[in-house]
Amino acid sequence: MASLQTGGRNSASAPRFRITAVLLAVSLSALTACSASPPPDKGLVLGPHVRASAQVQNRLAATFAEDASTLTTVSLTDENPHRVAAAVVALRNLGSPLSDAATRSAADWWSRHVLPGRGRDAALRIQDLRLGVQAFGPYLDAEATGRAATAAVRALTRSEAALSDVESAARLTDELRRISKAHGGKAADRDARSAVAAHLAARRDGCEVTDTDDVLPGYVAARGLIGLGYRCSVSRTSAEAVDRQFRRLAKNDGPWSVPDAVLLLQAVDAARDDSSQNHDAVGEVEQKARRTLLEALTAEGPYYRKSGVAVTEAAMASTVLAAQRGRSRVDLPESTAQALRNVVMLRGRIADQPDENSIVDGYLATLADAQLTGEPVRVKQRRLPAPDAPLRDHVRYFLAASLQEPASLSEREVADQAAAALDRANTPLDRLTLATSATLAAARGNAPCAVVDKEGALIEQAAQRVAAQFAQGSEAVKAWLALLWGTTAHCPRFQKEAAPDAAAFSRHLAAAADGSPTARAVQEWLMAELSCLANRKPQGRAVAVQTFASADDPGEGIGLGTFAALRTQEIKAEGCAAGIDRKLRE
């Protein structure tokens, strides 16, 4: 049987795609939303209530797949300034702009991470800069932005380039001119514009579009360059090919993807004043493409927080819709707007498809959220899994039971169900997660020793092997061990068996090197729980909760780090009597 997944942050960045004549270049992979569950049960009020900044609470809340009642968080990709810019663009275009202060802060962060960039493909660099200029134009340093843009345009125009990339460079120079004018400074676009003009003059086919196979991107680019004042033309053959495309697409019932619909609306704009095009066909394509984008933006879909589009798609779609004559109002769902705001707040981190985060991160994030907000934990009820259900389902069932009010399982029910599930577990890691979650459920009924008294030898052997094999590189595994040892601190029989292994692991932790904020917080938490287990004065130096307001690296999960910081702080303040079992009885 496959082992339970403890999860870890999957930091592989989402794949990027390029769409000709579209300025955006970062695609979003996101988590499929959880299926419907019964309504939340009345929950515990977990103490102590700790006041922290809104940034900590908001960042923690942003990692839940839906909300805290699901006990499910999502793993996040690395930071990405291009996603931040895309989210800002989308929010502004869709009528939900960020505050001036939030936009300024995001612009400063984007500038530090993007403007000094080197070694990137020139065409993609230009797209990145255009996106940032669209998002933050008035907040950017015109001189620094101009230098970065001019260098990118020169790099592109030194060799052969697709006409659509040249048009993107020309649009960047035009946007630079507007920034410089707004700042009252000298034109930052002059050198870049000269480079584009020289490149077009030196092209073997000039600026004329002759391609009839993939004609729309070149047509959009050429018409765009003409509109910006450059010498360009579209051959009669190409114009006729464009007309055939529009006539064919007017009869096409689709469906069209968001990138396709974006390109088609750009082609519609390019054809408005072109007498060689059939405007009935163009109008029909416009209606269909616009409808595709409006439906995508407002529909419930598979992306983060049930959004119907990816972050980049939201920016692309909203930008082209905003440029349309008689633009349509978009009734953006609040969940999608909040998802976009979360992307900005999390500095471009997004939910990473298809994995949710480790189970323990979702559980601890829920506990931390309750302590920071002072609100009761409201857990969605889970039905008793079938005896042959995946072990992961049993773990989730026990964790939910540990937070329900009143306690939903008796001591005997927890012990019997745990024993049956442990009989099916084939790996130490499975046994550890099952035993720990069942122990937490038993502690809710004031019986923290029920499971370990019945299966103590098996559980201790599992904990020993897991600590030796996995804990060195996994904050999630350390958290499971801390929960088990911390909840059974007043179970004499089990602690007598666990003490030697716990002491050895404590020595290992003391010698471990510092890691991310989450890694440090979890390590200090485990040190504090182990020192109490050995009847010593609480050890461990609590990581400040405020660290998680803006930590660059959240490790395996913001929930793990935030709860670990809170828990260590609690032990240091109240001593070893403040056991996890007591927390669940309050």
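Accessible area here means the Shrake-Rupley surface traced with a 1.4 Å probe. With that in hand, start with the whole chain, bearing in mind that this is a predicted model. The chain exposes about 24100 Å², and carbon and sulfur atoms supply 47% of that surface. Turning inward, 58% of the 586 residues count as buried.

What does the secondary structure come to? There are 23 helices and four strands in the chain. As for how the chain folds back on itself, take the contacts between residues at least 6 apart in sequence: 80% of them join residues at least 24 apart.

Now for some helix pairs. Two packed helices are described by the angle between their axes and the distance between those axes. Look at helix α8, which covers residues 215-227, and helix α10, covering residues 258-271. Their axes come within 9 Å and cross at roughly 45°. Angles from 35 up to 65 degrees fall in the oblique class, so α8 and α10 are oblique to each other. The crossing of this pair is left-handed. If you want to pick out the interface on screen, select L216, P217, Y219, V220 and R223 on the α8 side. Their partners in α10 are L263, L264, Q266, A267, A270 and A271.

A second pair is made by helix α2 (residues 81-93) and helix α13 (residues 334-345). Here the axes come within 8 Å and cross at roughly 145°. The contact draws on R83, V84, A87, V88, A90 and L91 from α2, while α13 brings A337, L340, R341, V343 and V344. The crossing of α2 and α13 is left-handed.

Back to the neighbourhood of α10, this time by way of helix α11, where A289 sits. Is A289 buried or exposed? Its relative accessible area is 0%, so A289 is buried. Leaving aside residues up to four places away in sequence, A289 touches W256, A261, L264 and L265. One of these, L264, also belongs to the α10 side of the contact with α8. You can also check A289 against S257: these two are 32 residues apart along the chain, and their C-alpha atoms are separated by 9.2 Å.

Next, a single side chain inside a helix. T150 lies in helix α5, which runs over residues 142-157. What does a polar atom of the T150 side chain find 2.8 Å away? The backbone oxygen of G146 is at that distance. Buried means under 20% relative accessible area, and T150 is at 9%, so T150 counts as buried.

Finally, have a look at two backbone oddities in loops. L71 is not a glycine, yet its phi is positive, at about 55°. You'll find L71 in the loop between α1 (54-62) and β1 (74-76). With a relative accessible area of 5%, L71 is buried. K306 is another residue other than glycine with a positive phi, in this case near 65°. The loop that holds K306 runs between α11 (279-298) and α12 (311-322). Where does K306 fall on the scale of exposure? The partly exposed class lies between 20% and 50%, and K306 has 27% relative accessibility, so K306 counts as partly exposed. Put side by side, then, L71 is buried, whereas K306 is partly exposed.

Key. Residues numbered from 1 in each chain as written. Predicted model: local features only at pLDDT ≥ 70, side-chain atom pairs only at ≥ 80, totals over all residues. Heavy atoms only, no water. Buried < 20%, exposed > 50% of the residue type's maximum accessible area, 1.4 Å probe, protein only. Contact = heavy atoms within 4.5 Å. Polar contact = N/O pair within 3.5 Å; in protein donor to acceptor, adjacent residues only side chain to side chain. Axes fitted to C-alpha atoms, helices over the stretch in contact; angles between N-to-C directions. Parallel < 35°, antiparallel > 145°, perpendicular 65-115°, else oblique. Left-handed = near helix turned anticlockwise from the far one by under 90°.
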